[in-house]
Amino acid sequence: MSLLSRLTSALSISASSSPTVPPPGSSEMRSTPLVAKDARVLVVGGGGTMGSSTALHLARRGYTDVRVLDVWQNPSADSAGNDLNKIAGSDHGQGVWSEVTKASWAGWKDDPVFAPFCHTVGKLDLAAGPGAYADTRRAKYEALVAAGRDDVAWLANGAEVKARAPHLADAEIDTWQGLYTADGGYVRARAALDAVGHELRRLGVKTAFGTAGTFKELILDGAGDCARAVGVRAADGTEWPADLVVIAAGAWTPVLIDLEGQCESKCWVYAHIQLTPDEMERLKGIPTVYNDVYGFFMEPSPTGLLKFCNEFPGYTHLASAQPFPLSAPITLSVPRSHAAHPTDTMPSEALGEIERLVALALPWLAGRPLINQAMCWCTDTPDANWLLCEDPRWAGVVIASGDSGHSFATLPHVGAEVADLIEGKMSAEKRNAWRWRPGHGDPEGTGRGGPRPKDLSQLDGWRHDP
């Protein structure tokens with residue numbers, strides 16, 4: 001949400017610096033495709049956001065032997081996209097991310113696979129008061145006006161916010177201010193992922209789920225600089241041959257394959273309130289509300305579930321794991337699958353923050369039971385740019401990861417970027433922004449910022465193992 005606007009201001013600077021990185025992770029454009037359209041392509045994590053979008057775009061471009069590997073069928077139970085709804089829109093600045101979000105929003109509105117799940121109800125991107133976040137919202141507003149957008153408005157105080165969002169009439173938000181965009185809103189996430197899964201089957205994309213679809217290791221031919229991936233070995237021993245392997249396993253990517261510290265997996269949390277039919281009608285068609293301090297919520301689902309999320313830096317889950325090709329375990333943040341641990345809820349402090357958001361924004365719902373409490377796992381890069389590149393260690397491997405909080409909104413389009421990379425069509429600017437870059441950090445301040453995330457081991461209230 002707030003990340004993309006910060007990214008766009010820095011990309012023009014970083015793109016001009018032409019850093020030295022070894023091929024194939026460099027920013028130089030490839031003149032030939034990585035593989036032919038009859039090549040065997042494996043998409044590891046193809047039941048989630050970036051993986052399923054990649055499989056979709058490859059199939060649409062005529063690739064005839066694409067196979068999705070995942071622990072779960074689409075929509076993957078481990079995917080952050082397997083959720084009720086997500087914020088989406090096309091209001092993100094200039095440059096690479098402007099292009100990505102515009103193409104993504106057009107896909108949501110116009111692509112028959114995605115259009116049924118797009119809700120253009122408007123979007124409020126708000127600061128709790130004057131300060132840095134309000135300043136960046138104002139700069140974004142001015143940039144959008146300069147670009148000719150006539151669907152945006154600057155809301156200078158709580159009264160102006162309430163005029164755009166009458167459902168906040170009882171909220172004490174006098175200092176709130178920020179950006180309103182009419183051409184935005186939210187998308188029904190789980191339903192959209194499910195639709196992609198059906199479309200993949202219609203297009204003839206192959207699948208393997210369960211232990212046969214669970215990544216264990218790459219199968220390599222050769223060694224050192226001559227090593228090439230020729231397949232994937234699954235947890236049950238199945239060997240899947242491949243000419244190209246795309247690793248797009250979301251928050252699980254750095255656990256499956258060593259990314260040399262470029263991504264860190266974190267969880268965020270959500271809870272629902274079950275509304276009555278009359279309450280559903282009261283909140284029907286409301287604009288999406290995001291606040292940089294308190295969190296966000298949007299229109300209730302067709303079954304009357306109203307989702308609330310607090311705003312915070314996320315939580316890690318430090319544990320021992322041994323990503324390929326390491327010879328010994330390391331400590332890193334390992335996602336704790338809600339599908340495997342269905343009794344997990346959320347830390348007590350996060351629950352209190354969601355209760356605070358409800359009481360502030362919709363006081364008539366204060367005290368109602370918060371149900372379906374869960375943690376949702378994503379993976380961040382330090383600078384919040386994707387890690388979308390060839391892996392320089394082995395030929396025949398593409399990494400598509402580094403969600404950084406903005407990938408689901410790009411579900412209709414992100415796979416096109418992966419396909420462009422495979423076909424040698426990705427621009428130098430994008431290759432630079434999304435390159436292999438261990439140790440790069442966040443020199444332009446485009447990442448999430450703020451304090452280090454707390455680890456779940458430090459917190460109580462979330463673990464309820466039988």
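Me: What volume does the second largest pocket have?
Reply: Keep in mind that this is a predicted model. Its second largest pocket is lined by 26 residues. As for the space in there, the volume comes out at about 430 Å³.

Me: Which residues lie nearest the centre of that second largest pocket?
Reply: The lining has 26 residues in total. Two elements, β14 (264-274) and β20 (330-333), each give two or more residues to that lining. The ones lying nearest the centre are C263, E264, K266, D380 and R452.

Me: How do the lining residues of the second largest pocket divide into nonpolar, polar and charged?
Reply: Cys counts as nonpolar, while Asp, Glu, Lys and Arg count as charged. Going through the lining of this pocket on that basis, the split is 11 nonpolar, 7 polar and 8 charged.

Me: Moving on to the sheet with 6 strands, which strands stand at its edges?
Reply: The sheet is open, with mixed pairing, and its order reads β9-β2-β1-β13-β23-β22. From one strand to the next, the twist averages 15°. A strand at the edge has a single partner, so one of its sides is left without a neighbour in the sheet, and that describes β9 (206-208) and β22 (387-390).

Me: What is the bridge partner of V41 in β13?
Reply: Strand β1 covers residues 40-44, and β13 covers residues 244-247. The two run parallel and are joined by 4 bridges. In β13, V41 is partnered with L244.

Me: Do β22 and β23 run parallel or antiparallel?
Reply: These two strands form a hairpin with 6 residues between them, and G396 in the turn has a positive phi of about 80°. Across the pair, L387 stands opposite S401 in β23. The strands are joined by 4 bridges, and their direction is antiparallel.

Me: Which helix packs on the sheet, touching β13, β22 and β23?
Reply: The helix in question spans residues 414-422. Its direction makes about 20° with that of β22. That helix is α10.

Me: How many residues of α10 are buried?
Reply: Buried here means under 20% relative accessible area. What covers the buried residues of α10 includes α2, α3 (95-110), β13, β22, β23 and α11 (428-433). Among those buried are V414, E417 and D420. The count for the helix is 9 of its 9 residues.

Me: Which residue with a positive phi follows α10?
Reply: We're looking just past the helix of residues 414-422. The phi there is near 75°, and the residue is G424.

Me: Is S53 buried or exposed?
Reply: S53 is found in helix α2 (residues 49-60). Leaving out residues up to four places away in sequence, S53 touches L411, P412, H413, V414 and G415, among others. Its relative accessibility is 1%, and with the cut-off for buried at under 20%, S53 therefore counts as buried.

Me: Where is H167, and what relative accessibility makes it count as buried?
Reply: H167 sits in the loop between α5 (158-164) and β7 (177-181). Beyond residues up to four places away in sequence, its contacts include L283, I286, P287 and F297. Buried means under 20%, so H167 qualifies at 12%.

Me: What distance separates the C-alpha atoms of H167 and T136?
Reply: Along the chain, these two residues are 31 residues apart. In space, their C-alpha atoms are separated by 25 Å.

Notes. Residues are numbered from 1 along each chain as its sequence is written. This is a predicted model: local features need pLDDT of at least 70, side-chain atom pairs count only at pLDDT 80 or more; totals for chains, interfaces and linings use all residues. Side-chain values use heavy atoms; hydrogens and water are left out. On a 1 Å grid over the protein atoms alone, a cavity is a set of points where a 1.4 Å probe fits but cannot get out, and a pocket is an open set with protein on both sides within 12 Å along at least five of seven lines; lining residues have an atom within 4 Å of a point. Grid points are joined across faces, edges and corners, and a volume is the space filled by probe spheres set on the points. Two strands pair if DSSP finds at least two bridges between them. Axes are lines fitted to C-alpha atoms, for helices over the stretch in contact, and angles run from 0 to 180 degrees between N-to-C directions. Contact means heavy atoms within 4.5 Å. Buried means under 20% relative accessible area, exposed over 50%, partly exposed in between (1.4 Å probe, protein chains only).
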